[in-house]
Amino acid sequence: ESGAWTPEDIERQRRSLRCLMMLPAILAFCWTPTSVRRIVDVFFPDWSCMPLDYLCVIAGPLQGFFNAALYGTTPAVRDAVLGRLDHSAEKLRNVQ
């Protein structure tokens, strides 16, 4: 029947779910230094830690990079990009 899930569909869904499950880890990794810094500032306003400051500056912007990299590894995006590249290569082969 046409509505049945094939093993390939189920594996594809599992890969997508694994990618989706990485998003909270990325969020925690990128926001933990800034959250720690803010909590420390509340209780110890005069305390300064340069490595923590640098970590905050580096980790925050990495969230966009990690999100984009993870999005690019999802099966749907990979198939769309590779399909488009295959289609473009096919068009180039036909040009004479």
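Let's start on the outside: Ile39, Val42, Phe43, Phe44 and Trp47 make a nonpolar surface patch of about 600 Å². Patch members have over 30% relative accessible area and no salt bridge, with nonpolar side chains (Val, Leu, Ile, Met, Phe, Trp, Tyr) joined within 5 Å and like charges within 9 Å. A salt bridge puts a side-chain nitrogen of Lys or Arg within 4 Å of a carboxyl oxygen of Asp or Glu. This is a predicted model, so local features need pLDDT of at least 70 and side-chain atom pairs pLDDT 80 or more, while totals for chains, interfaces and linings use all residues. Residues are numbered from 1 along each chain as its sequence is written, and side-chain values use heavy atoms, leaving out hydrogens and water.

**Overall build**
- The protein chain has 3 helices and 0 strands, in the order α-α-α (DSSP runs: helices are H or I, at least four residues; strands are E, at least two).
- About 7,800 Å² of the protein chain is exposed, 67% of it from carbon and sulfur atoms (Shrake-Rupley method, 1.4 Å probe).
- Just 16% of the 96 residues count as buried (under 20% relative accessible area; exposed is over 50%, partly exposed in between).

**Two loop residues**
- Phe44 sits in the loop between helix 1 (7-43) and helix 2 (50-72), and Phe44 is exposed at 53% relative accessible area.
- Thr74 is in the loop between helix 2 and helix 3 (75-94), but Thr74 counts as buried, with 16% relative accessibility.
- The Thr74 side chain reaches the backbone oxygen of Tyr71 at 2.7 Å.

Definitions and conventions. Buried means under 20% relative accessible area, exposed over 50%, partly exposed in between (1.4 Å probe, protein chains only). A polar contact is a pair of N or O atoms within 3.5 Å; within protein, one must be able to donate a hydrogen and the other to accept it, and residues adjacent in sequence count only if both atoms are side-chain atoms.
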